[in-house]
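Here is a short tour of some helices and strands, best read with the model open beside you.

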Amino acid sequence: MKRHFLPHPEHGFRATFISYPAIFAYFVFIFFLNLSLNKVAVYYPQILGYATNINIYDLLNETNDERVKNNLSPLVLNDNLSQAAQKKAQNMFNNGYWAHISPTGVTPWSFILNAGYDYQYAGENLARDFNNSGSVVTAWMNSPTHRDNLLSSKYSDIGFAVVDGKLDGEETTLVVQMFGTSRFAVAPIPQKNPEISEIAVQSANEVKGVVFARPQFDLSAVSRTISLALGSFMLGLFVLDAWYIRKNKIHRLSGNTIAHILILLVALGGIWYSGFGAVL
């Protein structure tokens, strides 16, 4: 049994679980697993698909928590800014871009003005591919330009949109955060439990009149978790292999365990990093 985990004590052949046939089998398994998961997502989208836990309440609370920590007043959720954010997110899906300014030159300020918000100051933060509200706000706080928006004393109002859809051929969630101070506003009193406008939490499909049930499991998270688990298992065996060879002074004619460990670390790092979203 231990030959499955430890190299041969005499000729130094690797453990069965990290032999070349085993490594090839792992790659075949991952390939067909992802193929199967994608098929399940197509035929049973209510079970497996792209799902996140991002919501307006958490985004608002996380944002205001950061402001309070920095001795700033909480922002008040504004329906007009949320409608502007929704329109901006939908425009990005419809026109296949992810940027502050559309390919046709439409700026964020156009969406804000068209939503009926006449601003004195305004700003916009964008995010995509995140799985929860906290990670979105953390990413914004870690970016100097987004942090400046989030902690600006010029703003009194805020709006959000969290929109699911397909961008560049991939299912994703776009988050739009819009800040503003109305040209005619008197300093507002923040609400303890603000009402969230329904328009700010729709999906791209709902806007088109088709409502899809949110899947029970996130396809990307399932695939990533299994890949990380298998990769970590292999990495552990390679480290064990290197330790055992060194400890017992076994001479091995072929195969560089250290190189395999480095390659696995790079691969695992890539898989792990792929789970993080991006901000703009």
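Two strands count as paired if DSSP finds at least two bridges between them. With that in mind, let us look at this predicted model.

## Strands S2, S4 and S5

By that rule, S4 pairs with strand S5 (residues 170-182) in the antiparallel sense, over eleven bridges. Within this pairing, Gly-159 stands opposite Met-178 of S5. The hairpin of S4 and S5 has two residues between its strands, and Asp-168 there takes a positive phi near 55°.

S4 also has a parallel partner: two bridges join it to strand S2 (residues 76-77). Here Val-76 faces Asp-157 of S4. How much of S4 is covered? Ten of the eleven residues in this strand (residues 157-167) are buried.

## Helix H3

At the start of H3, Asn-78 places a side-chain oxygen within 2.9 Å of the backbone nitrogen of Asn-80. The helix (residues 79-95) has 17 residues, so at 1.5 Å a residue it should span 24 Å, and its end C-alpha atoms are indeed 24 Å apart. Just after H3 comes Gly-96, with a positive phi of about 60°.

The buried residues of H3 include Leu-81, Ala-84, Ala-85, Lys-88, Ala-89, Met-92 and Phe-93. An α-helix has 3.6 residues a turn, so residues three or four places apart point the same way.

## Helix H5

H5 (residues 133-141) has a contact of its own at the start: a side-chain oxygen of Asn-132 comes to within 3.3 Å of the backbone nitrogen of Gly-134. Which residues are buried in H5? They are Ser-133, Val-136, Val-137, Ala-139, Trp-140 and Met-141.

Methods: Residues are numbered from 1 along each chain as its sequence is written. This is a predicted model: local features need pLDDT of at least 70, side-chain atom pairs count only at pLDDT 80 or more; totals for chains, interfaces and linings use all residues. Side-chain values use heavy atoms; hydrogens and water are left out. Buried means under 20% relative accessible area, exposed over 50%, partly exposed in between (1.4 Å probe, protein chains only). Helices (H or I, at least four residues) and strands (E, at least two) are DSSP runs, numbered from the N terminus. A polar contact is a pair of N or O atoms within 3.5 Å; within protein, one must be able to donate a hydrogen and the other to accept it, and residues adjacent in sequence count only if both atoms are side-chain atoms. The expected span of a helix is 1.5 Å times one less than its number of residues.
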